[in-house]
Amino acid sequence: MPNLTPPRPAAACALALFSLLAFAGAATAATVPGDLRVVTTEGKVLADQRQYTTTTKVKTSPRADCFGLGSGGSGQQARVPSATALGLVVDASQTDDDLRPLLVSDHFDFGLALCGIGGHVARDNASWYLKVNHKNPQLGGDQVHLHKGDDVLWYLAPGFPYPDEISLVAPVRTEKGGLFSVRVFAYGDDGKRSPLAGAKVTGADLPTNADGETTVRLTRSTTLVARHGADIPDSAKVCVGAGCAPRARLAIIGTAHRDVIEGTTGDNQVRGRGGRDRIDVRGGGTDTVDCGAGRDVVLLGGEDHARRCEVQSRR
């Protein structure tokens, strides 16, 4: 049964304010969350986070000339309408130094062209390869409209044909010195998944078999990396031992606009940024929240921590 005890006046005011802000946020929020990963040709991960996005702007650059002589941008601001795969990396670059500068050209009538991310520029036959939910959308990033929870990968492919995308499945925790199994899959350009034989995994004596499986033995917490020729590598953190460190927190980043941000069942590190945000991290795990600028509302679990949040409610 519901608790019918009348709230105290201060609590009632906070509840009324929360309801008002929640309604306003739900009525006007247009930001969309996507899971963004940006990887260089060498396998360096420039970004791995959940990023919110909506209509945004990006400054184009005359240096974005990777599509041929004279193909650089005008140097003016270009609008990226709605929530798109390009807008996702543009929004992420506003808080992540590793993604700056972005080299974008507005030279072409068909839309915006991405040449460089964080100093990693497409030259010669290289290009920034886009996959959404493991599939090549066959469109420019500003033409790919996102839905909540889409998986977005930008990879600096050294040439064509594009490589497969590797997916490594490993346990989060394991005993020290014990053997455990991992599996490796490959996603083709069309998004079809298949077991990947012959992949090399950190800590494994043998490559993966025909089922994409191999065994690993670790004595300390390690980030496993799966590689297979020129394919796009993948990694997974494995915590070793009874007293191993807490799980890594998933970074969840908002926009400069009003966001309605939801946490996951794991540990989250949330940054609301600007706007009057509504943030709910009651789903589990131990979360840290920085609401940022604007008058924000946050719903917290028992072990969660928050700062710069004007209205806080704890379960």
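**Reasoning from values to labels**

Student: Why does F108 count as partly exposed?

Tutor: F108 has 23% relative accessibility. Buried needs under 20% and exposed needs over 50%, so F108 falls in between and is partly exposed. Keep in mind that this is a predicted model.

Student: And what makes F67 partly exposed?

Tutor: The value for F67 is 47%. That is not over 50%, the cut-off for exposed, and not under 20%, so F67 is partly exposed.

Student: How many aromatic pairs does the structure hold?

Tutor: There are 4. One of them is made by F67 and F108.

Student: How do you know that the F67 and F108 pair is edge-to-face?

Tutor: Their centres are 5.8 Å apart, and the planes meet at 80 degrees. Centres within 6.5 Å make a pair, and planes over 60 degrees apart make it edge-to-face, so both conditions hold here. F67 sits in the loop between β3 and β4 and F108 in the loop between β5 and β6, so the pair ties together parts 41 residues apart in sequence.

Student: Why is the pair of Y129 and Y162 called stacked?

Tutor: The ring centres lie 3.9 Å apart, with planes at 10 degrees. Stacked needs planes under 30 degrees apart, so the label fits. Y129 belongs to strand β8 and Y162 to the loop between β9 and β10, so this pair links parts that are 33 residues apart in sequence.

Student: Why does Y129 count as buried?

Tutor: Y129 has 1% relative accessibility, and buried means under 20%, so Y129 is buried. Its partner Y162, at 26%, is partly exposed.

Student: Which residues form one aromatic cluster?

Tutor: F67, F108 and F110 do.

Student: What makes R193 lie over the face of F185?

Tutor: R193 is at 3.7 Å from the ring centre. The distance cut-off is 6 Å, so R193 meets that part of the test.

Student: Why is β12 said to pair with β10?

Tutor: At least two bridges are needed, and β10 and β12 share 5, in the antiparallel sense, so they pair. Within that pairing, V169 stands opposite R183. Strand β12 is also joined to β15 by 5 antiparallel bridges, where V182 has T214 as its bridge partner. A further 3 bridges join β12 to β13, with A186 facing S194 as its bridge partner.

Student: What takes a positive phi in the hairpin of β12 and β13?

Tutor: G191 does, near 85 degrees; the hairpin has 5 residues between the strands.

Student: What makes helix α2 mostly covered?

Tutor: The count does: 9 of its 9 residues are buried. Among them are L86, V89 and D91.

Key: Residues numbered from 1 in each chain as written. Predicted model: local features only at pLDDT ≥ 70, side-chain atom pairs only at ≥ 80, totals over all residues. Heavy atoms only, no water. Helix = DSSP H or I, 4+ residues; strand = E, 2+ residues; numbered from the N terminus. Buried < 20%, exposed > 50% of the residue type's maximum accessible area, 1.4 Å probe, protein only. Phe/Tyr/Trp six-rings, centres within 6.5 Å; stacked < 30°, edge-to-face > 60°. Lys NZ or Arg CZ within 6 Å of the ring centre and 35° of its normal.
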